[in-house]
Amino acid sequence: MKKVLMIVGSLRKNSFNLQLAREIQGMLEDRAQVSFLEYGDIPFMNQDIEFPVPESVDRVRQAVREADGIWIVSPEYNYQIPGVLKNLLDWLSRPLAPNDWQRGSAVKGKAVTISGVAGKSGAAGVRKNLSALLEAMSMKLIAGMGTGISLNAEAFRSGVLALSEAHRAAIRDQVNMFGDAV
Ligand SMILES: Cc1cc2nc3c(=O)[nH]c(=O)nc-3n(C[C@H](O)[C@H](O)[C@H](O)COP(=O)(O)O)c2cc1C
């Protein structure tokens, strides 16, 4: 079985994006072993502490390297990539040893796809920015800007993400494209 690593761009316990990631996990179950990256403990990027690599960063890089593909599910903060996720991606973009660009980063060439839950925008801003960033990091972007879901008033009231049939169909298409590519 292929291994898929889910990276959720929100640290919130009841995150809508975490709820979506769990739905995606259910849809992937037949074709992949899915795990979730815990990265709330990594430090802010600071080149003074880049080497030797902090233990928490080493752990997330190991998890990423063991995965056949990565699925990022993220909210948007002011139409941009949330700081916690950008910080993680900055760490992942760096070489494994000082100036060792020969081996590249932990994510170079890795298959990746994107989804996002947000308000009216359907996370279009973060998905656009993420797709450009991941390509700049030499990752293999599958399904372009991926799938976006707009939260309605009922979701904000209840805190529960309810997917429509159209949402499910879009995610299923993305699961198939991603599953074929990894
Ligand atoms: C700092 C901040 C900025 C936000 N900016 C946006 C935004 O630009 N567009 C949007 O649709 N929602 C925005 N929101 C609202 C989020 O979509 C909403 O809080 C959502 O629940 C966050 O995702 P999560 O449930 O996975 O944590 C913002 C929320 C925060 C905390």
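Helices (H or I, at least four residues) and strands (E, at least two) are DSSP runs, numbered from the N terminus. The structure is a predicted model, in which local features need pLDDT of at least 70 and side-chain atom pairs count only at pLDDT 80 or more, while totals for chains, interfaces and linings use all residues. Residues are numbered from 1 along each chain as its sequence is written, and side-chain values use heavy atoms, with hydrogens and water left out.

**Exercise 1. Place Ser 15 in the fold and describe its surroundings.**

Step 1. Ser 15 belongs to the loop between strand S1 (2-8) and H1.

Step 2. Its relative accessible area is 2%, so Ser 15 is buried; the term buried stands for under 20% relative accessible area, exposed for over 50%, and partly exposed for values in between (1.4 Å probe, protein chains only).

Step 3. The side chain of Ser 15 reaches the backbone nitrogen of Leu 18 at 2.9 Å. A polar contact is a pair of N or O atoms within 3.5 Å; within protein, one must be able to donate a hydrogen and the other to accept it, and residues adjacent in sequence count only if both atoms are side-chain atoms.

**Exercise 2. Find the aromatic pairs and classify their geometry.**

Step 1. Rings of Phe, Tyr and Trp (its six-membered ring) pair if their centres lie within 6.5 Å, with planes under 30 degrees apart counted as stacked, over 60 as edge-to-face and the rest as tilted. By this rule there are two aromatic pairs.

Step 2. Phe 16 and Phe 156 form an edge-to-face pair, because their ring centres are 6.0 Å apart and their planes stand at 85°. This pair links distant parts of the chain, with Phe 16 in helix H1 (residues 16-28) and Phe 156 in helix H5 (residues 153-158), 140 residues apart. Phe 16 is buried at 8% relative accessibility, whereas Phe 156 is exposed at 53%.

Step 3. The rings of Trp 71 and Phe 178 have centres 5.3 Å apart and planes at 70°, so this pair is edge-to-face. It also links distant parts of the chain, since Trp 71 is in strand S3 (residues 69-73) and Phe 178 in helix H6 (residues 165-181), 107 residues apart. Trp 71 is buried at 0% relative accessibility, and Phe 178 is buried at 0% as well.

**Exercise 3. Describe the shell around the ligand and its polar contacts.**

Step 1. A residue is near a molecule or strand if one of its heavy atoms lies within 4 Å of it. Of the 13 residues around the ligand, Ser 10, Arg 12, Ser 15, Asn 78 and Gly 119 come nearest.

Step 2. A polar side-chain atom of Glu 76 lies 3.2 Å from a ligand nitrogen atom. Ligand oxygen atoms enter two further descriptions: one is 2.8 Å from a polar backbone atom of Tyr 79, and one is 2.7 Å from a backbone N or O atom of Gly 119.

**Exercise 4. Locate the unusual backbone geometry at Pro 52 and Ala 123.**

Step 1. Phe 51 and Pro 52 are joined by a cis peptide bond with omega of about -5°, and Pro 52 is placed in the loop between strand S2 (32-36) and helix H2 (55-66).

Step 2. Ala 123 is not a glycine, yet has a positive phi of about 65°; Ala 123 is in the loop between strand S4 (111-118) and helix H4 (124-136), and at 0% relative accessibility it counts as buried.
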